[in-house]
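Hello,

Here is the structure I promised to pass on to you. Please open it alongside this email, and then read on for what turned up in it.

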Amino acid sequence: YMVQGEVTIPHNGTLTIQPGVTILMSDDGAINCLGALNSQGTAEDSVFFMAENSTTGWKGIRTQGGSVALRYTTVTGSRGYSSSPGTDFAALSGHSAAILLENSSFRHNWSCVKLISGTASIDSCRFINNRGELFFMQEGQWATITNSDFINLYDPVASSMDGIEFHLCSDGQFTVDGCAVKDIDGDCIDMNASSVTITNTELSNSTDKGFSIGAPTGGSGSGSLVQIENCVVTGCPIGIGVKDGAAVDGNGIVFSECATAVHAYEKTSGMGGGIATVSNSIFTQCPEPVLVDQGVVATTWSISDTDQLQGASNIQGDPKLTQGFFPSWDSPCVNSGNPDEQDPDNSRRDMGAYFYPVSFNGLVVNELMAINTSTIFDDWGRSSDWIEVYNGAGYDIDAGVLVFFESDSSAVEPWSVPRGTMIPADGYMLFWADGDQWKSGAHLPFRLSGGGDSFKLGRIVPGDGEVPYTSTLEQVQFNNQTTDISYGRFPDGGEWRILVTPTPGYSNGTLYSTPTALGWPRPNPCTTGQMTIDITVAGGETDVFVYDMMGRKIATIVDGYLSPGTHTLTWNTETRPTGIYFIFARCARQTPASAKVTVLR
């Protein structure tokens, strides 16, 4: 579609944009939303808002008292709804509006999202290669930003452009979790007279501060409290800058390669310095860990490899971190944090953003296949044999501290994936037993024998020895196997048995669940461009995917809740080439089902 000039969505009106639509905007193209804008892209068919002319760009989207929901949508080439920096200088600007962004991206815009009052929910989005503020909220009601990337704010079109900024946001809940804010010409996250909680987030390579906490020009930062937990700040001139009566409570932070890690000072005369409390943290390669011009910085239960930190139970020395800032098996950070606090595995708190897991209750080898010809294909497109590990421990586990080795060969060195490869709580991870350790990813250095074999799963125990100590978690033995039939635990973590329906990467079901059932897809072979599929479930969150022969997911039929009973689904095959495909269905913790289908053009 081509938009010339401004399109207005009236009060009580709704504009819905279907999957696969591209909207070309002229240089004065804009959407003024007084009602509701719903962009309903999908993983297979995104929606695009883009400039007709990349040189002149287009204006943007503005909503006043309305709502904007962008799912799987790309917004690119905007010069701002307003032509100059100010209230509406953004690709998406809102006034007392409700904004929802999911799995969407903002690229090559002059500024991205700017909100005055209202609410914002942002999940799994990417803001990359833009020249202005990536997210700005003033006097908001609430905002939740999760699992999103804010990367490369370059050559700002105006001064004072930051990655994420909260301004006068103190009455409400404002959170940032699981995000990355990198390569920012300005501050990574700027908070003025705002109360924000930031967790599990990585900040890196800013030209100014990682976290900037203070007050607006001519205002006061008093009463603002920013909470930062389990975050990494690296490559910023100042890791945390706190000023003008504002305060920050930091716990489990890694500061790396910051000229000054924590700086408390007064920027506006008469407003006083900043207040920072930092505990269970790591200061590495920071020439000046703490600088107090005016205010207070208190550090406890922390480590520095430069200056000795002032405060209770701080230590000086090499934190011994692996790539990704995880503590190594011989790190002094392990079990050295505040003894009154615990890591998720109930061991004593470690210093830093990531802990070294000690307890693995509930983690087991859950399923294996020693003769795989067509059940699943690895990332190289090969039908490799596989081993599935299930994490029933109740918290995310770093697979980098797990090791595999053949139990009948002392010559084989213990093998593990790189640190930071996480198995989520109640989740699964596949390892390819193909003997091709040289491949990237989870490829084991040994194979499984279809005539019977054994192997061990162990862990690297933290300690002070010269070499890591490996402890065995489980030894797995199996007898003669059948092609494309797996051997696994039923239910997950239960007794070993033959599984006629393999479930690599998914639940093996429970003894009390109703198996998911797929009716025979029709027509099969399909020549009509549309295939009908019946699925029977006991009720719950349901996924129905289509895979090609290379093991790539090429379509999502269902991703959401289905009520108990039989449902009729359709798959549009018009754009799919002739070939064989696999339909895979799973519902909650029920035994999944699959079917092989053929498409003919």
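Below I go through the cores, one sheet, the salt bridges and the cysteines.

One thing to keep in mind first: this is a predicted model.

**The nonpolar cores**

A good place to start is the largest nonpolar core, which has 76 residues. Within this core, Phe135, Phe166 and Phe211 touch the most other members. Strand β27 (residues 225–234) gives the core its largest share, 4 residues. If you centre your view on phenylalanine 166, you will find that its contacts include Phe135, Met137, Ile145, Phe174 and Val176. Polar residues are among its contacts too, including Asp190, Asn192 and Ser194. There is also a second, separate core of 36 residues, and Phe355, Phe360, Tyr395 and Ala433 are among its members. As general background, nonpolar side chains tend to be buried together in soluble globular proteins.

**A five-stranded sheet**

Next, have a look at the open sheet of 5 strands, which follow the order β42-β38-β37-β45-β46 with antiparallel pairing. At its edges are β42 (427–432) and β46 (495–499), each of which pairs on one side only. On average, neighbouring strands here are turned by 30 degrees against each other, direction ignored.

You can walk through the sheet from the β42 side. Strand β38 (residues 386–391) is joined to β42 by 6 bridges, and isoleucine 387 stands opposite phenylalanine 431 of β42. β38 also pairs with β37 over 6 bridges, again in the antiparallel sense; there, methionine 369 has tryptophan 386 in β38 as its bridge partner. β37 is then joined to strand β45 (residues 486–490) by 2 bridges, and glutamate 367 is partnered with glycine 488 in β45. Strand β37 (residues 363–369) is largely enclosed by the rest of the structure, because 7 of its 7 residues are buried.

**Salt bridges**

The structure holds 14 salt bridges, and three of them are described here.

- Aspartate 88 and arginine 62 meet through their side chains at 3.4 Å, N to O. The aspartate lies in the loop between β10 (73–76) and β11 (92–95), while arginine 62 is in strand β8 (residues 60–64), 26 residues apart. Aspartate 88 is buried, at 11% relative accessible area, and arginine 62 is buried as well, at 17%.
- Aspartate 187 pairs with lysine 209, with the closest N and O atoms 3.7 Å apart. Aspartate 187 sits in the loop between β22 (180–184) and β23 (189–192), and lysine 209 is in strand β26 (residues 209–214). Aspartate 187 counts as buried at 5% relative accessibility, and lysine 209 is buried with 8%.
- Aspartate 534, in strand β48 (residues 530–537), forms a salt bridge with arginine 522 at 3.0 Å between the closest N and O atoms. Arginine 522 counts as partly exposed, at 37% relative accessibility.

Shared partners also join Asp187, Asp208 and Lys209 into one network of salt bridges.

**Cysteines**

How many disulfides are there? The count comes to 0. For cysteine 231, the closest cysteine sulfur is that of cysteine 179, and at 9.6 Å it is too far for a bond. Cysteine 236 is in no disulfide either, since its nearest cysteine sulfur, in cysteine 188, is 4.4 Å away, and a disulfide needs the sulfur atoms within 2.5 Å. Cysteine 231 is buried, with 0% relative accessible area, and cysteine 236 is buried, with 1%.

Happy exploring, and all the best!

Terms used. Residues are numbered from 1 along each chain as its sequence is written. This is a predicted model: local features need pLDDT of at least 70, side-chain atom pairs count only at pLDDT 80 or more; totals for chains, interfaces and linings use all residues. Side-chain values use heavy atoms; hydrogens and water are left out. Buried means under 20% relative accessible area, exposed over 50%, partly exposed in between (1.4 Å probe, protein chains only). A nonpolar core is a set of buried Ala, Val, Leu, Ile, Met, Phe, Trp, Tyr and Cys residues joined through side-chain atoms within 4.5 Å. Contact means heavy atoms within 4.5 Å. Two strands pair if DSSP finds at least two bridges between them. Axes are lines fitted to C-alpha atoms, for helices over the stretch in contact, and angles run from 0 to 180 degrees between N-to-C directions. A salt bridge is a side-chain nitrogen of Lys or Arg within 4 Å of a carboxyl oxygen of Asp or Glu. Lists of a residue's contacts leave out its neighbours within four places in sequence.
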